[in-house]
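Work through the exercises below with the structure in view, trying each task before reading its solution. Each solution goes step by step.

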Amino acid sequence: SFASRMRQTAFPATPQEYRLRRLAAAGTGAALPSHAALAVDPVMRRGVELLRQRRDGVFGRFTGRLTGRAAALVAAAVEQRVMTATALEAWLSCPHAFLLQQVLRVEPVDNPEELLKIGAVDQGSLVHDVLERWLCELLEGDLPAAADAWPPMARTRLREIAEQACRDAEARGITGHPLLWRRDRRRLLSDFEQFLARDDQRRAGLELTPIRSELAFGLARGSDPLRIDLDDGRRVCVRGRIDRVDRAGDGTLVVADYKTGGSYRYRDLTADTPLGDGTKLALPIY
């Protein structure tokens with residue numbers, strides 16, 4: 001490895017490699033930031049700072065904290081643009097990532113030929129599209145009572161839509177290696193079956209009747225975004241789509257936000273902490 005070569009090579013090829021070997025011999029103790037090798041090498045000094053901040057969990061320049069011009073750009077973007085709940089959550093989770101993606105518009109470079117399996121974003125879009133199309137079709141007809149399970153027709157139709165979406169994903173070349181896709185496809189179709197079972201329980205338990213799917217706000221031309229007035233006098237404007245809206249038996253509206261990446265990030269959401277760690281904004285905004 002590179003680290004092993006730095007420690008064992010008899011004659012470092014460059015002055016920086018020589019300094020790296022001195023740093024490696026010094027270890028990672030408290031005296032490392034004041035090591036003489038760092039005094040003459042600002043690049044290496046920043047590298048050590050990056051590693052220590054990430055190791056120690058320090059909120060600094062290499063773990064998302066922005067200062068100066070960068071912080072001003074991010075603040076202006078949040079205040080002056082019409083945001084989405086997802087973008088606001090990204091801002092709270094990592095301001096630096098928000099700066100790159102939302103302000104500077106830095107996009108990752110995709111190499112389809114290196115794709116081994118369907119990506120998280122593509123998989124999430126597939127699930128959302130399937131559930132939107134399925135529920136929109138059902139909303140045009142008669143829905144079952146809250147206490148009744150989805151009828152066989154609805155279950156069959158969800159399977160048909162999901163299978164077609166999988167074929168479309170294959171045709172677009174976003175599903176990765178065929179062997180891994182066969183596994184992922186089976187899992188996705190199984191997830192839709194599980195969704196029906198869980199949704200039957202949810203509708204019966206809360207006496208819910210679906211009334212809207214992918215309800216948009218602030219997106220159509222001429223429509224107003226949601227305006228949130230902050231305590232310091234500033235205002236944040238938000239637009240987006242609510243995945244699903246149900247009406248309970250007592251008339252209460254219940255909103256749902258589909259997530260496909262697992263529940264670990266949302267383990268801290270409770271009735272007493274609806275924002276979780278302070279970054280879960282989608283449901284409160286909706």
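**Exercise 1. A hairpin and its sheet**

Which residue in β4 does Asp229 stand opposite?

Solution. Keep in mind throughout that this is a predicted model. Begin with the two strands themselves: β3 covers residues 226–229 and β4 covers residues 235–238, and the two run antiparallel, joined by 4 bridges. Next, look across from one strand to the other, where Asp229 is found to stand opposite Arg235, while Arg227 stands opposite Cys237. Then follow the chain from β3 to β4, where the hairpin has 5 residues between the strands and Gly233 takes a positive phi near 95°. Finally, widen the view to the open sheet of 3 strands, which has the order β1-β4-β3 and mixed pairing. Because β1 (82–83) and β3 each have a single partner strand, they stand at the edges, and one side of each is left without a neighbour in the sheet.

**Exercise 2. Two nonpolar cores**

Find which residues have the most contacts inside the largest nonpolar core, and which elements give two or more residues to this core.

Solution. The largest nonpolar core has 24 residues, and those with the most contacts inside it are Val130, Trp134, Leu158 and Phe192. The elements that give two or more residues to this core are α8 (120–139), α9 (152–172) and α10 (178–206). Taking Val130 as an example, and leaving aside residues up to four places away in sequence, we find that Val130 touches Leu158, Ile161, Ala162, Ala165 and Phe192. Apart from this core lies another, of 19 residues, which includes Ala87, Leu99, Val236 and Val238.

**Exercise 3. A charged residue inside**

Decide whether Glu214 is buried or exposed, and find how far away the nearest side chain of opposite charge is.

Solution. First place the residue: Glu214 is found in strand β2, which covers residues 209–217. Glu214 is buried, and the nearest side chain of opposite charge, that of Arg241, is 4.6 Å away. A salt bridge needs a nitrogen and a carboxyl oxygen within 4 Å, and Glu214 has no salt bridge. Not counting residues up to four places away in sequence, Glu214 touches His128, Glu132, Arg241, Ile242 and Asp243.

**Exercise 4. The cysteines**

How many disulfides are there?

Solution. Two cysteine sulfur atoms must lie within 2.5 Å to count, and the count comes to 0 disulfides. For Cys136, the nearest cysteine sulfur is that of Cys166, 19 Å away. As for accessibility, Cys136 is partly exposed, with a relative accessible area of 31%, whereas Cys237 is buried, with a relative accessible area of 14%.

Note on methods
Residues numbered from 1 in each chain as written. Predicted model: local features only at pLDDT ≥ 70, side-chain atom pairs only at ≥ 80, totals over all residues. Heavy atoms only, no water. Core = buried A, V, L, I, M, F, W, Y, C linked by side-chain atoms within 4.5 Å. Buried < 20%, exposed > 50% of the residue type's maximum accessible area, 1.4 Å probe, protein only. Contact = heavy atoms within 4.5 Å. Lys, Arg positive; Asp, Glu negative; His and termini not counted. Pairing = 2+ DSSP bridges.
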